Amino acid sequence: QLTPSSFLRIGQLSNVDLNEDIHELETELPRQRPNEIPHNEKLLSLKYESLDYDNSENQLFLEEERRINHAAFRTVEIKRWVICAMIGILTGLVACFIDIVVENLAGLKYRVVKDNIDKFTAKGGLSFSLLLWATLNASVVMVGSVIVAFIEPVAAGSGIPQIKCYLNGVKIPHVVRLKTLVIKVCGVILSVVGGLAVGKEGPMIHSGSVIAAGISQGRSTSLKRDFKIFEYFRRDTEKRDFVSAGAAAGVSAAFGAPVGGVLFSLEEGASFWNQFLTWRIFFASMISTFTLNSVLSVYHGNAWDLSSPGLINFGRFDSEKMGYTIQEIPIFIFMGVVGGILGALFNALNYWLTMFRIRYIHRPCLQVVEAMLVAAVTATVGFVMIYCSRDCQPIQGSSVAYPLQLFCADGEYNSMATAFFNTPEKSVVNLFHDPPGSYNPMTLGMFTLMYFFLACWTYGLTVSAGVFIPSLLIGAAWGRLFGISLSYLTKGSIWADPGKYALMGAAAQLGGIVRMTLSLTVIMMEATGNVTYGFPIMLVLMTAKIVGDYFVEGLYDMHIQLQSVPFLHWEAPVTSHSLTAREVMSTPVTCLRRIERVGTVVDILSDTSSNHNGFPVVESNPNTTQVAGLRGLILRSQLIVLLKHKVFVERANLNLVQRRLKLKDFRDAYPRFPPIQSIHVSQDERDCMIDLSEFMNPSPYTVPQEASLPRVFKLFRALGLRHLVVVDNRNEVVGMVTRKDLARYRLGKEGLEELSLAQT
C-alpha cells in the first residue's frame, strides 16, 4: 500500500485510500463506529489547510495602500503596539487567575485530606483516607475531562504542538477560538487541582495565542460581537504575527522569562521574522510578566515587592555557595546523556501509548473514563508510597506546607509526603532548595521511577495540561539523587551540593523530552535568576538533545506527526536535490478564465472531490483551444465573496450593482467564509459572466518546472506561501505546488520517504 521508500516512483501522486477495510465496515454497519481506527504514521492528512500569509496584491489592495498616507501608516503602527500591550496585560491576568484559583482549591483539598489522615492515623482505618483522596481527585478530573472531551477537544494537551503548527502556517480548526480559551483555562485548573502529574505552564502558551488572535481582530465570532476596531488586521498575515507575540507572552507569564518567550517564538514557531516584530514581541512579553508580578504581589499582601515574575519560581540560587568548578563539567555532560536517554524512553513510551489511544480510545466517554482512572491511580500510588516510606525528618527549620506525620515520632514529618502531597511546582522548588540531608536516597529513587511512568501516562490524556513541570520534577528528583551519591562518594566535599545537581537534572530531563535548546537555556537562566549556570545548562541541554535525537524525535514533533499535519521544517530533506518541481507538483490544475461563466465557477467550487483553494487565472481566448498563459491567481474565499455580492458583468452593465466591492467586504467575511452551499445562484444568473481582473492577484509566485525541490521548498517556506504555480517556458500553467506536496517528502531511516495522502 505504501511505496517502497528506497526508490521514488516519479509522478506517483495518486491518493492512497486509508485501509479499505474501514469502508467495508462502514457499508455493513452504517451506525456503529468501528472499535479500532487503523492509524498509520506514514500518512499526511488532507483536512488541514494553509494560512494565506502572502497578501493578495490585487487592484483593490493596491488602491487601498496608495490611499493610505504616511500619518495613517503611523496610526496603524501605534495600533500594533497597543494590541501588543493589551495581549501582555490580558495574558498576565489569565495567568494570575489560574494561579490564584489553583492555589486556593489545591490548598483546600490538601487540608481536608491531611486532617482526615491525621484523624485516622490515631485510630486506624487509613483506607478511608485513601478512598477520600482518590475520589476527590477522580471527581475533579472528571469535570475537567468532560468539558474538554465533549465541548472542545482541541483544548486537550498542552496546546504547544497546535500553536507550533499554526505559526508554521497550518490552519488547525478551532485552535484560536474564544471557546477553546475558556475550556483550556478551566481544564488546566481542574487537572492540576485533581492531582494529575501535570503542570499549568504549557497551556499558558496556548492561552496567550488565543488572546492575541482574539484581540487583534477586534471582534469575537463566537459571541457574534464586532467592535469595529482593528479592522486593518483582519487577515492571516497580521493575525499570525500577533499569535507569535501571544505565545511569547504566555511563556514569559509562565516562567517569568520575557527573553525566553521571544526566543521560544523564534525557535519553535514563526516561519519568518523581522526586527520590528521581535521588538514588539519582547514588549508584549515584558508587559505580561510585569502584570503577573504586580497582581500577585498585591494578592500576597506586599504590594511593592515584585518577587514573583512567573507562575513557577525556582527561587534564588546563590552563586557563593553554589558555584561550579572545572572538574564538574564532565559530570554535567554525563547528566545530559542520562537526560537524553530517559527523555527518548519517555517519548517512545508515549508514542506507543498515543497510537493505542488513537486506535481504541477515540470515544469521548472512554476518554473521560481513562482520565478518571489515571487520577485515581495517581492518588493511590502517592498514598501507598507515603504509607510505605519510613523516611522521617525533623519538622523544625523546614518549610513544608502540609507536613504529614503519619507513623513518624512527634516533631517529625514524612519526607515522601513533601514530594507527593503538594502541587508539582512546589515539589520542584523543594527539591532545588531543601538543605542537604532532607531526603533519603531510597525515597528519591522510588519517587523518580513512579513519577516517570505517571507523567508518561498522563501526557496525551483528554485534559488540558502541560508536560514542562513533570519533566522538571522527574529530572530534579534524579539529579538530587545523583548529587547525594556524589557527595557520598567524595566523602562529603563542599562542591557536591544536591540542589545544584537537581537543577542540572531538571534541565537535562526537560531537554531530553522536548528538545528545545536556545529558548530553554534562557528560560532556565531567567527562572533561577542566575547567569553563572548559563554555560553548564547549555552544555546539558545540547548533550540531551544530541543523545535524544539519535533515538527518537522530540515530544511535540512526534505528536504533530501522529496527527498527520503537513508541517514544513526549516530545510528540505538533505537528499532531495534529485527531485524537481515537475515530480512534486499536483496535476491537473483547475484553471479559470479571466472572464468566466458564473455557472462554471459555482460548479468548480461545489466539486467536493477536488476542494481546491486557489485557482490560476488564464487569458481567455474563445476562438483558440490551446492552454493560455498565466494571468493571475484567485482564492476560493475571494470567489465566494464575489458570488455572494453577485458581482457579475451583466449586472454592472445594467447598473444593478450598488457599489464597487472594497477590501472591507473581504475582511468582514474573514475568518469564516460561508460555504458555497449557502450561496444561492439562480438558473439565469448561472449564464452571466464574472470578471476576475480586479480581484485576482496579478503577480503570483511561479517556478519553472525544472526547479529542484530544495529551491521550491526554500521559496515556499521563506515567503509563507499557500500556492506556488509551476509554469513551462511559454508561461502556461502545468501544475501547482501546495504545502502537502512539499511535506510529503521526509527523511526516514533508509533515506528519502514519500508519505501517502489520506482523506481523513
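Here are some exercises with worked solutions on this structure, which is a predicted model.

**Exercise 1. Find out how the chain is divided, and how domain 1 and domain 3 relate to each other.**

Solution. Start with the bounds: domain 1 covers residues 97-300, domain 2 covers 320-563 and domain 3 covers 581-757. Next, take the centres of domain 1 and domain 3 over their C-alpha atoms; 38 Å separate them. Then look for contacts, and you'll find 16 residues of domain 1 touching eleven residues of domain 3.

**Exercise 2. Locate the largest cavity and describe its lining.**

Solution. Begin with the search of the whole structure, which turns up seven cavities of 30 Å³ or more. The largest cavity has a volume of about 160 Å³. Now list what surrounds it: the lining has 19 residues, and Tyr110, Gly195, Thr378, Phe420 and Asn422 are the ones nearest the centre.

Sort that lining by character and you get eleven nonpolar residues, seven polar ones and one charged one. Sort it by helix instead, and H3 (70-123), H4 (127-151), H12 (364-388), H13 (415-420) and H14 (424-433) each give at least two residues. H12 gives the most, with three residues.

Last step: which domains does the largest cavity lie between? Domain 1 and domain 2 both supply lining residues, so the cavity sits between them.

**Exercise 3. Decide whether Arg357 is buried or exposed, and list its contacts.**

Solution. First place the residue: Arg357 is part of helix H11, residues 329-360. Buried means under 20% relative accessible area. Arg357 has 7% relative accessibility, so it counts as buried. Now skip residues up to four places away in sequence; Arg357 then touches His362, Glu370, Trp457, Tyr459, Gly460 and Leu461.

**Exercise 4. Do the same for Gly310 and Thr291.**

Solution. Gly310 is in the loop between helix H10 (275-299) and H11. Its relative accessibility is 4%, so Gly310 is buried. Setting aside neighbours within four places in sequence, Gly310 contacts Ala253, Ala254, Phe255, Gly256 and Leu292. For a distance check, try Met442: its C-alpha atom is 32 Å from that of Gly310, with the two positions 132 residues apart along the chain.

Thr291 belongs to helix H10. With a relative accessible area of 10%, Thr291 is buried too. Beyond residues up to four places away in sequence, Thr291 touches Gly88, Ile89, Gly92 and Leu93.

**Exercise 5. Work out what the buried residues of helix H22 pack against.**

Solution. Helix H22 runs over residues 598-606, and its buried residues are Val598, Gly599, Val601, Val602, Ile604 and Leu605. Follow their contacts outwards. The strands they pack against are E8 (592-593), E9 (595-597), E10 (614-618) and E12 (689-691). The helices are H23 (636-644) and H26 (683-686).

**Exercise 6. Compare the surroundings of Lys714 and Asp741, and look at the annotated CBS span.**

Solution. The UniProt annotation "domain: CBS", from an unreviewed entry, covers residues 696-754. That span is 27% helix and 31% strand, and its end C-alpha atoms lie 33 Å apart.

Lys714 is in helix H27, residues 709-719. Its relative accessible area is 54%, so Lys714 is exposed. Lys714 and Glu571 are 143 residues apart in sequence, yet their C-alpha atoms are 7.2 Å apart in space.

Asp741 is in helix H28, residues 739-743. At 3% relative accessibility, Asp741 counts as buried. Leaving out neighbours within four places in sequence, Asp741 contacts Val584, Ser586 and Met736. The C-alpha atoms of Asp741 and Lys171 are 16 Å apart, for positions separated by 570 residues along the chain.

**Exercise 7. Pick out some unusual backbone angles.**

Solution. Start from the rule of thumb: most residues other than glycine have a negative phi, and most peptide bonds are trans. Now for the exceptions. Thr587 and Pro588 are joined by a cis peptide bond, with omega about -10 degrees. Pro588 sits in the loop between helix H21 (581-584) and E8.

His174 isn't a glycine, but its phi is positive, about 65 degrees. His174 is in the loop between strand E3 (170-171) and helix H6 (178-193), and is partly exposed at 33% relative accessible area.

Ser564 also has a positive phi, near 55 degrees. Ser564 lies in the loop between helix H20 (555-562) and H21, and at 7% relative accessibility Ser564 is buried.

Notes
Residues numbered from 1 in each chain as written. Predicted model: local features only at pLDDT ≥ 70, side-chain atom pairs only at ≥ 80, totals over all residues. Heavy atoms only, no water. Helix = DSSP H or I, 4+ residues; strand = E, 2+ residues; numbered from the N terminus. Buried < 20%, exposed > 50% of the residue type's maximum accessible area, 1.4 Å probe, protein only. Contact = heavy atoms within 4.5 Å. 1 Å grid on protein atoms, 1.4 Å probe; cavity = no way out; pocket = protein on both sides within 12 Å on 5 of 7 lines; lining within 4 Å. Points joined across faces, edges and corners; volume = space filled by probe spheres on them. Nonpolar A, V, L, I, M, F, W, Y, C, P; charged D, E, K, R; others polar. Domains from an automatic or database assignment. UniProt positions renumbered as here; feature names shortened; annotations may be inferred.
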